[in-house]
Amino acid sequence: MQMRTKALLEGHRSLCLIGLGYVGVPLLASFSDIIKVVGVDTDEAKINSLNQGIDPNQEFASDSFNLDNIKLCSNLNEVLNCDTYIVTVPTPITKNKTPNLSPLKSASKSIGQKLKKGDLVIFESTVYPGCTEEVCIPILEQESNLEFQKDFNVGYSPERINPGDKVHRLDNTIKIVSGDNPDTLLEVSEIYRLIINAGVHKADSIKVAEAAKIVENVQRDVNIALMNELALIFDRIGINTNSVLEAASTKWNFHRYSPGLVGGHCISVDPYYLTYKAQELGYFPNVILSGREVNNRISRFLSNKIVQHIGKFGLSLSEARVLIKGVTFKENVSDLRNSKVIDLINHLLSYSIHVDVVDPWANAAELNKNYGIKLASTPSGKYDCIVVSVKHKQFLELDELYYSNILKPDGLLFDVKNQYSGKLKNIAVWSF
Ligand SMILES: NC(=O)c1ccc[n+]([C@@H]2O[C@H](COP(=O)([O-])OP(=O)(O)OC[C@H]3O[C@@H](n4cnc5c(N)ncnc54)[C@H](O)[C@@H]3O)[C@@H](O)[C@H]2O)c1
């Protein structure tokens, strides 16, 4: 066993986690079971909440954290007795859809100011291939006055967790690991093996590990984009896309994906990291960018469908009432970031349509503060259209009687995720 892992296991050292969000908190929970951990996040409210054992993202129950092994703070300067850092800060995009590396640069700067000889820094944030070496390491060197590989080492291990997914978890998903040399790779592997039962995959280099993560999400984005494009075509033809896919899926080599809204912090963002790098290198990534463009069109396509339905009955748009069920970017999570349902709501509001929004997972204050949208506690009255936009488990249980009580006789239910497929017989349902 490497000295670093031994010191962590014997409690002589703590592991420092920087960024306690959807990715950092699961690591905090898992590592705190085994070793001492110091968690750092610039968001004081998160620190206060976690200090009481409350996960701000509602993913983990309080008994998931071994608080005896956890110290939390909002400033890296307060961290003592650490020689290993794991960075899980966000990597969003700018308005122009280019990488926004500010959080990553700022975290690298703070670590650089504390860095000592012999330290190891592992980055987990999703980035384009080359980012760790071209952006983060130079900052670490500059701030520390230390020399990379001689004085300190760097690893990269992308996060693959899927918040809300109780089947594919941190501990049972193989972790890709990489390091700046074989010894670093060994140390990085050992650290993650403490918490990952499924084991690790040792990538050839940091760039390979960075690229592997991006590719996972690009592949998913492009596959969904193809389904969305088919849905736009089949809508014009007048056939149901899900029925087409169901039929086509009976062939052994057909890959089933579903059309829909593509939002969130990963699938709708990560491809832009790769397309940025590609263009920097003089290559225009046609397929990836076309896929993004098609996926970004779907909220407008849905709002047009709603407007068309309202127009059919001669109702003025300002008299129309629409209920949106589900505003988070996907099912069974509270994450609102880049939710395309928010785009859909804004399109409808721009037509002066009355929109009520309900969601058992979303945080009302956050929705109002960040997006200016009010969350209703329950539906009220009858609606011209109901859009079930997210497959939250609470919605799966709802039946025909529930919907017929809140839908006008000429109303239309948009089953965006096709979750009631064939189950609602006596009300009008649209699905892809
Ligand atoms: N959310 C996912 O499902 C998921 C899955 C795989 C990979 N990733 C990647 O993991 C990274 C983190 O994503 P996330 O969803 O956990 O983000 P998040 O926004 O939920 O959490 C990031 C946390 O970092 C904190 N932070 C920002 N700058 C900081 C700094 N300089 N110092 C200390 N703390 C700082 C923020 O306050 C926040 O709490 C991203 O690169 C993301 O693409 C996310």
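I count two residues as in contact when heavy atoms lie within 4.5 Å. The model I consulted is a predicted one.

**Entry 1: T328**

I began with T328, which I located in the loop between β9 (321-325) and α11 (340-350). Is T328 buried or exposed? I found T328 buried, at a relative accessible area of 0%. The cut-off for buried is under 20%, so T328, at 0%, falls within that class. I then listed the contacts of T328, leaving out residues up to four places away in sequence. Among them are V333, S334, D335, L336, S339 and V341, together with D359, W361, A362, V390 and H392. For polar contacts, I noted that the T328 side chain reaches the backbone oxygen of K330 at 2.7 Å.

**Entry 2: Y128**

I turned next to Y128, which sits in the loop between β5 (120-123) and α5 (131-144). What is the relative accessible area of Y128? I read a value of 4%, so Y128 is buried. With residues up to four places away in sequence left out, I recorded that Y128 touches P99, L101, E134, V135, E210, I214, Y273, Y276 and K277. I also looked up a C-alpha separation: Y128 and T275 are 147 residues apart along the chain, yet their C-alpha atoms are separated by 8.7 Å.

**Entry 3: Helix α8**

I then examined α8, which spans residues 241-248. Which residues of α8 are buried? I noted T241, N242 and L245 as buried. They lie on the same side of α8, because the arc they cover around the axis is only 95°. In general, an α-helix has 3.6 residues a turn, so residues three or four places apart point the same way. I asked which element the buried residues of α8 pack against. The partner I found is α7 (206-237). At the N-terminal end of α8, I identified N240 as the cap. One of its side-chain oxygens lies 3.1 Å from the backbone nitrogen of N242.

**Entry 4: Cavities**

How many cavities of 30 Å³ or more does the structure hold? I recorded 1 cavity at that threshold. For the largest cavity, I noted a volume of about 50 Å³. I listed its lining as P158, E159, R160, I161, R169, L170, T173, I174, K175 and I196. Sorted by class, I entered that lining as 5 nonpolar, 1 polar and 4 charged residues.

Conventions
Residues numbered from 1 in each chain as written. Predicted model: local features only at pLDDT ≥ 70, side-chain atom pairs only at ≥ 80, totals over all residues. Heavy atoms only, no water. Buried < 20%, exposed > 50% of the residue type's maximum accessible area, 1.4 Å probe, protein only. Helix = DSSP H or I, 4+ residues; strand = E, 2+ residues; numbered from the N terminus. Arc of directions from axis to C-beta. Polar contact = N/O pair within 3.5 Å; in protein donor to acceptor, adjacent residues only side chain to side chain. 1 Å grid on protein atoms, 1.4 Å probe; cavity = no way out; pocket = protein on both sides within 12 Å on 5 of 7 lines; lining within 4 Å. Points joined across faces, edges and corners; volume = space filled by probe spheres on them. Nonpolar A, V, L, I, M, F, W, Y, C, P; charged D, E, K, R; others polar.
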